[in-house]
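Q: Hi! I've got a fold open on my screen and would love some company while I look through it. Can we walk through it together?

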Amino acid sequence: MTEPSPSYPKSLKNKVALVLGGAGGIGAVASRMLAEAGATIVVTHRPNAEAAETAAALVAGLPGEGHSAFPSDITDTPSLVAVRDRITERFGRLDILVNAVGFTKPVPHAALDQLDDELIDRMFQVNWRGAFAAVRTFAPLLKASGDGLVVSISSISAFTAVGSSIAYCAAKAGIDVMTKALARALAPEVRVLAVSPGVVDTEFVPGRGADFNDKVANTTPLRRIARPEDIAAGILACATHLGFSTGTTIIVDGGRSL
């Protein structure tokens with residue numbers, strides 16, 4: 001029996017999307033776009049009062065109903081399991097997981113001694129181990145969906161080796177490899193993709209301001225740096241338009257890596 005032809009864009013109505021780190025930067029905009037497309041959104045935030053207030057305000061302003069915000073630490077697997085249990089209890093399903101938590105600290109690549117063991121461990125703990133732990137934790141729910149999706153935020157530093165630090169470049173290269181490996185491991189029930197920005201107009205990298213952004217914009221083919229909306233649109237496309245794509249990284253960098 002021939003299967004019906006797929007219809008695009010795919011509807012997100014009745015879908016539940018978890019955006020880890022959804023209360024800030026790219027994650028917040030992705031949460032809004034996914035909600036506008038019909039998904040029910042769960043965001044996580046750091047376990048402190050200020051972050052909880054920010055996340056609550058974000059959730060309250062999303063279109064649609066039933067959105068939630070839960071505290072979680074990406075480096076603490078039990079806290080991820082707690083979020084999984086609350087999603088299971090409240091929604092009974094999970095269809096989309098967006099890994100939008102990240103951490104970096106600028107270290108010149110030639111300053112080897114400044115990239116000490118503690119910073120290296122923290123860089124991988126947040127940017128790679130945490131992303132893997134999240135997929136490991138939520139894979140049963142995503143598989144049960146039958147049409148699950150994982151989208152992780154990578155970086156063009158993964159293949160250009162130009163970034164805030166050597167460890168950050170390496171961790172993001174690990175995200176790209178993880179995306180390929182998990183796409184095989186979780187198929188066919190779950191698709192696994194990554195979105196790879198260049199420089200984005202957020203406060204993610206400490207100490208980078210307008211001068212740096214202007215310099216990068218002038219040397220980027222599309223003559224600007226990315227806005228959070230550009231990257232969030234890539235995440236949304238993974239959910240709504242790229243239904244036959246898995247195991248690949250979508251570059252959204254304005255041509256920066258050319």
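Q: How many bridges join strand 4 to strand 5?
A: Happy to help! This is a predicted model. Strand 4, residues 96–99, and strand 5, residues 148–153, run parallel and are joined by four bridges. One partner pair is Val 98 with Val 151 of strand 5.

Q: Which strands does helix 8 touch?
A: Helix 8, residues 228–240, packs on the sheet and touches strand 4, strand 5, strand 6 and strand 7. The direction of helix 8 makes about 160° with that of strand 6.

Q: And helix 6, which strands does it lie across?
A: Helix 6, residues 166–186, lies across strand 5, strand 6 (190–197) and strand 7. Helix 6 runs at about 165° to strand 6.

Q: Let's zoom out. What is the strand order in the sheet?
A: The order is 3-2-1-4-5-6-7, in an open sheet of seven strands with parallel pairing. Strand 3 (68–71) and strand 7 (248–252) are the edge strands; each has a single partner strand, so one side of each lacks a neighbour in the sheet. On average, neighbouring strands are turned by 20° against each other, ignoring direction.

Q: What about edge strand 3, which residues are on its covered face?
A: Ser 68 and Phe 70 are on the covered face, while Ala 69 and Pro 71 are on the uncovered one. As a rule, side chains in a regular strand alternate between the two faces of the sheet.

Q: How is strand 3 tied to strand 2?
A: Four bridges join strand 2 to strand 3, and the two run parallel. Val 43 stands opposite Ala 69 of strand 3. With helix 2 (residues 49–60), the two strands make a right-handed β-α-β unit.

Q: Where does Gly 61 lie, and is it buried or exposed?
A: Gly 61 lies in the loop between helix 2 and strand 3. Its relative accessibility is 61%, and the cut-off for exposed is over 50%, so Gly 61 counts as exposed.

Q: New topic: helix 3. Which of its residues are buried?
A: They are Ser 79, Leu 80, Val 83 and Ile 87. Looking down the axis of helix 3, these buried residues fall within an arc of 105°, so they line one face of the helix. In general, an α-helix has 3.6 residues a turn, so residues three or four places apart point the same way.

Q: What covers that buried side, and what is on the face turned away from it?
A: The cover includes strand 1 (16–20), strand 2 (40–45), strand 3 and helix 4 (117–145). The face turned away carries the exposed residues Pro 78 and Glu 89. Just after helix 3, Gly 92 takes a positive phi of about 75°.

Q: Any backbone oddities? Which peptide bonds are cis?
A: Tyr 8 and Pro 9 are joined by a cis peptide bond, with omega about -5°; Pro 9 is in the segment before strand 1. The bond from Ala 187 to Pro 188 is also cis, with omega near 0°, and Pro 188 lies in the loop between helix 6 and strand 6. Most peptide bonds are trans, and most residues other than glycine have a negative phi.

Q: Which residues other than glycine have a positive phi?
A: Ala 161 is one of them, with phi near 60°. Ala 161 is in the loop between helix 5 (157–160) and helix 6. Arg 223 has a positive phi of about 60° too, and lies in the loop between helix 7 (210–218) and helix 8.

Technical notes. Residues numbered from 1 in each chain as written. Predicted model: local features only at pLDDT ≥ 70, side-chain atom pairs only at ≥ 80, totals over all residues. Heavy atoms only, no water. Pairing = 2+ DSSP bridges. Axes fitted to C-alpha atoms, helices over the stretch in contact; angles between N-to-C directions. Contact = heavy atoms within 4.5 Å. Buried < 20%, exposed > 50% of the residue type's maximum accessible area, 1.4 Å probe, protein only. Arc of directions from axis to C-beta. Right-handed = clockwise from strand over helix to strand, strands pointing away.
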